[in-house]
Amino acid sequence: MSQAIFEAYWDEHRRVLEHLPALFPELGRVVQACVRALEQGGKLMVCGNGGSAADAQHFAAELSGRYRRERRPLAALALTTDSSALTCIGNDYAFEQVFARQLEALARPGDVLFGISTSGRSKNVRAALEAAARLGVVRVGLTGGHAAAMRPLTDFCLAVPSASTARVQEMHVLLIHMICEALDGWALGE
Ligand SMILES: O=C(CO)[C@@H](O)[C@H](O)[C@H](O)[C@H](O)COP(=O)(O)O
Ligand SMILES: [Zn+2]
């Protein structure tokens, strides 16, 4: 019985994957924006909910820790990891503010914020992108097929053309790893 499920997932995954090269020009611009920020002593920040919170942490850890090759640590942090900040801001202000308020505390002009939302509708991610605009932070959106929901809030938008949250997340991880590979190369002077 599960074989049919596996095959359906595989087919759907493969179909979405075929569209990914269309995002490569924008992906190149995103890498350039990250390099500009890091060269100027800035940092990358990442936020998202649920599976995308995990992706945010994964991404930041690849950069501050390591990805594939030995290089210096790169300035990156996830805004999803501090349970005290998340519960304080969520409890005392609003859950919608959990990322925006941390961003206001930490961001400097020229930093980069990655907002990850497969639907583009998460209010806390949208509020963070809006705060980023006020703070002079470069805004990158990772989203799904409803790109119109997020694109206007971003400087660069990587929109995976699928309405399935799971398929979009799978592609986001691939895009994140491609950014990490490119930044490894940059940090090693290639
Ligand atoms: O991982 C999954 C589903 O694959 C879920 O945890 C999912 O991330 C959550 O429902 C999120 O709250 C969805 O938010 P978003 O991607 O629409 O912004
Ligand atoms: Zn998931």
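H177 sits in helix α8 of a predicted model. Helices here are DSSP runs of H or I with at least four residues, strands are runs of E with at least two, and both are numbered from the N terminus. H177 has 15 C-beta neighbours inside 10 Å and therefore counts as partly exposed. In this scheme a residue is buried if 20 or more other C-beta atoms lie within 10 Å of its own, exposed if 12 or fewer, and partly exposed in between, with C-beta atoms placed from the backbone. An unreviewed UniProt entry lists H177 under "binding site", together with H58, E62 and Q169.

Residues are numbered from 1 along each chain as its sequence is written, while chains are lettered from A and ligands numbered from 1 in the order in which they are written. Because the model is predicted, local features need pLDDT of at least 70 and side-chain atom pairs count only at pLDDT 80 or more, whereas totals for chains, interfaces and linings use all residues.

**Helix α8**

The helix that holds H177 has 23 residues and reaches 32 Å from its first C-alpha to its last, close to the expected 33 Å. That expectation is 1.5 Å times one less than the number of residues. The buried residues of α8 are R167, V168, Q169, M171, H172, L175, I176, I179, C180 and L183. Their cover includes the helices α1 (2-17), α2 (24-39) and α3, and the strands β3 (112-116), β4 (138-143) and β5 (156-159). After α8 comes G189, with a positive phi near 75 degrees.

**Ligand 1**

Ligand 1 is surrounded by 13 residues, of which G50, G51, S117, S119 and S122 are the closest. A residue counts as near a molecule if its C-beta atom, placed from the backbone, lies within 6 Å of it. Two helices, α3 (51-64) and α8 (165-187), each supply at least two residues of this shell. The most come from α8, with three residues. By class the shell has two nonpolar, 10 polar and one charged residues. Ala, Val, Leu, Ile, Met, Phe, Trp, Tyr, Cys and Pro count as nonpolar, Asp, Glu, Lys and Arg as charged, and the others, Gly among them, as polar.

**Annotated positions**

A further "binding site" feature in the unreviewed UniProt entry covers N49, G50, G51, E62, N91, D92, S117, T118, S119, S122 and Q169. These positions span 121 residues in sequence and their farthest two C-alpha atoms are 31.9 Å apart, so they do not all gather at one spot. UniProt positions are given in the numbering used here, with shortened feature names, and annotations may be inferred rather than shown by experiment.

E62 lies in helix α3 and Q169 in helix α8. The table sets out their surroundings with those of L142, a residue of strand β4. Two residues are in contact if their C-beta atoms, placed from the backbone, lie within 7 Å; the contacts shown leave out residues up to four places away in sequence.

| Residue | C-beta neighbours within 10 Å | Class | Contacts |
|---|---|---|---|
| E62 | 20 C-beta atoms | buried | Y67, C180 |
| Q169 | 21 C-beta atoms | buried | G51, S52, D55, T118 |
| L142 | 32 C-beta atoms | buried | F114, I116, L158, H172, L175 |

L142 and G48 are 94 residues apart along the chain, and their C-alpha atoms are separated by 9.5 Å.

**The chain as a whole**

The chain has eight helices and five strands. From the N terminus on, these elements run α-α-β-α-β-α-α-β-α-β-α-β-α. Residues 34-190 are listed as "domain: SIS" in the unreviewed UniProt entry. This span is 50% helix and 15% strand, and its end C-alpha atoms lie 16 Å apart.

The radius of gyration of the chain is 16 Å, which agrees with the value near 16 Å for a compact globule of 190 residues. It is taken over C-alpha atoms, and the globule rule is 2.2 Å times the number of residues to the power 0.38. Along the principal axes, the C-alpha atoms fill a box of roughly 50 × 45 × 30 Å. Of the 190 residues, 41% count as buried. Among contacts in the chain with a separation of 6 or more, 68% join residues 24 or more positions apart.
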